[in-house]
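Here are some notes for a colleague who is opening this model for a first reading. They are meant to be followed with the sequence and the structure side by side.

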Amino acid sequence: MKTPIAVAAGDGIGPEIMRATLHVLNAAGAQLEIHDVEIGEKMYLKGFATGMDPKMWDTIRNTKAFLKAPITTPQGGGFKSLNVTVRTTLGLYANVRPCVSYFPFVETKHPEMDVVIVRENEEDLYAGIEYRQSPDVCCSLKLISRPGCEKIVRYAFEYARHHKRKKVTCFTKDNIMKFSDGLFHKVFDEIAQEYPDILNEHWIVDIGAAKLADTPEVFDVVVMPNLYGDILSDVAAQIAGSVGLAGSANIGDRGAMFEAIHGSAPRRAGQNVANPSGLMLAAIQMMVHIGQPDVAERFHNAWLRTLEEGIHTYDIFKEGVSKKKVGTSEFGEAIIKNLGKKPEQLNPVVYEKATAPKIVHRHAPSSANRHLVGLDVYLYHSGPLSDFISNISHINVGPLRLQAVYNRGVKLWPQGQPETFCIEQWRCRFTSGDNMAQVSQNDVIQVLHAFDHVKMDVTKSEFLYTFDGKPAFS
Ligand code: NAD
């Protein structure tokens, strides 16, 4: 029985590394029915803003997995990231990036490193909600939801259990972003209780990243919000040996996409020099995912054996360690010769018959008494506060009064400091004061009307709530 998969050869070095990868898959006995998908630079230039003809969704949807080579995003504006579009449209919420050292065959300062980064893939700053609010101010929304956190954290623990890993670490910056990253951390602590067999810990992302770069061997599985995961998974892959050696899986409940973590390296294209290992390791993850673990095991062990034999592409070739510098296709041929063999020094892989972890999502919706208690009004004004404060300080709707005016989060009124640097965006907070009395939607709309009345330029407003009496705003 052949498994249908979608395959995109991509741009730059993509077609070469895909050819080598499919060649080895075929030789290793993969049972695949391949459906080609054309994506990337050509499609962008044809006018498809996401780099893909929308008709291709059906091909991807009707296959079990999508093996994708890197693509080139053309220079200039108006192009959307194809990766982000595929991940969010198909709900591929978990990005799994194993970062493993192959010492002494590939140089690294971290011979013991074996870390899996599990990156949340759909939310955070990657929701792509951005605004230019005034000529000189732009804003991106960091969106974190409880269901989003629950899905990724549960995936990380299930992955750890399934792969017999001992610890899951969470990285956030919840000392600063108490609501968004605070929610991620809170959900992590809750779900960790369901996995008493697996150790859990939390690190603030800055010191956690420093520790990861210095002593990666103390980490096992690390789960984190999207942006930190994007950056730190590249750092982790690079310190393990090379970004050229890392593959990644994008896992959803109804689909999955597998790719190398590097880009299309256009300068290396067409020269048969690129290292196909990242895409090969992604393809190996795919074979496990689609239920052909025996093929994955044969391919992976032959790849490890080839590395051990010192048959290396230019990017990892090192005099004295490497034996033979080869091109993309020769590297593939060398792996095929090693099919059936196991590495002698590196640990051989074993992929059990059980395939990918089966995730049963459970959403624990929050219940709380929620009350509207005020609003923040954002103004565009490129002069000092003294120009407009007298226009708005009298605004008085129901219990709502102006409590404070801020610039970039710093309070300027009442009692600001003259040294504070101000930009053209001002935030005016209206509440009923310390007692946080409930107000109506009409009250907050009347405040906005009052701003209009005094001809102030409002660019945005944010309603303020309490949950169970506690202020839910910073
Ligand atoms: P890149 O990863 O393509 O290349 C950076 C450098 O790394 C290359 O010059 C090359 O020296 C080296 N390199 C990368 N992969 C290699 C490999 N397999 N073998 C040997 N050397 C390798 O990053 P970039 O130059 O910033 O981006 C080039 C293009 O790729 C851009 O258009 C970018 O948008 C795109 N990109 C695509 C993806 C994707 O499709 N998933 C990811 C990242 C970047």
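Is cysteine 422 buried, partly exposed or exposed? The answer is given in point 6, once the overall layout has been described.

1. Please keep in mind throughout that this is a predicted model. The protein chain has 474 residues, of which buried residues make up 52%, and its secondary structure comprises 13 helices and 21 strands. The C-alpha trace spans about 80 × 55 × 45 Å along its principal axes. Among the contacts in the chain with a separation of 6 or more, 77% are between residues 24 or more positions apart.

2. A useful place to begin is an open sheet of ten strands with mixed pairing, in which the strands follow the order 2-1-3-12-11-4-5-10-8-9. Strand 2 (32-36) and strand 9 (199-204) each have a single partner strand and stand at the edges, so one side of each is left without a neighbour in the sheet. On average, and with direction ignored, neighbouring strands of this sheet are turned by 25 degrees against each other. Within the sheet, strand 5 (residues 114-120) and strand 10 (residues 221-224) run parallel and are joined by four bridges, and valine 116 stands opposite valine 221 in strand 10.

3. Two helices that lie across strands deserve a look. Helix 1 (residues 14-27) lies across strand 1 (3-8), strand 2 and strand 3 (65-68), and runs at about 130 degrees to strand 3. Helix 6 (residues 180-192) lies across strand 5, strand 8 (167-172), strand 9 and strand 10, and its direction is at about 165 degrees to strand 8.

4. The loop between strand 8 and helix 6 holds lysine 173, which is buried, its relative accessible area being 18%. The side chain of lysine 173 makes a polar contact, at 2.6 Å, with the side chain of aspartate 206. When neighbours within four places in sequence are left aside, the residues in contact with lysine 173 are Asp181, Ile204, Val205, Asp206 and Tyr228.

5. Turning to the interior, it helps to recall that in soluble globular proteins nonpolar side chains tend to be buried together. The largest nonpolar core here has 77 residues, and Met286 and Trp303 touch the most other members of it. Helix 9 (residues 277-289) gives the most to this core, namely nine residues. Beyond its neighbours within four places in sequence, tryptophan 303 is in contact with Tyr102, Leu245, Ser277, Met280, Leu281, Phe331 and Ile335. There is also a second, separate core of 24 residues, which includes Leu375, Phe388, Val405 and Phe430.

6. Finally, the cysteines: the structure holds zero disulfides. For cysteine 149, the closest cysteine sulfur is that of cysteine 170, and the two sulfurs are 8.7 Å apart, which is too far for a bond. Cysteine 149 counts as buried, since its relative accessibility is 1%. Cysteine 422 is likewise in no disulfide, and the nearest cysteine sulfur, in cysteine 428, is 12 Å away. To return to the opening question, cysteine 422 is partly exposed, because its relative accessible area is 28%, and this category lies between the limits of under 20% for buried and over 50% for exposed.

Note on methods
Residues are numbered from 1 along each chain as its sequence is written. This is a predicted model: local features need pLDDT of at least 70, side-chain atom pairs count only at pLDDT 80 or more; totals for chains, interfaces and linings use all residues. Side-chain values use heavy atoms; hydrogens and water are left out. Two strands pair if DSSP finds at least two bridges between them. Axes are lines fitted to C-alpha atoms, for helices over the stretch in contact, and angles run from 0 to 180 degrees between N-to-C directions. Contact means heavy atoms within 4.5 Å. Buried means under 20% relative accessible area, exposed over 50%, partly exposed in between (1.4 Å probe, protein chains only). A polar contact is a pair of N or O atoms within 3.5 Å; within protein, one must be able to donate a hydrogen and the other to accept it, and residues adjacent in sequence count only if both atoms are side-chain atoms. A nonpolar core is a set of buried Ala, Val, Leu, Ile, Met, Phe, Trp, Tyr and Cys residues joined through side-chain atoms within 4.5 Å. A disulfide is a pair of cysteine sulfur atoms within 2.5 Å.
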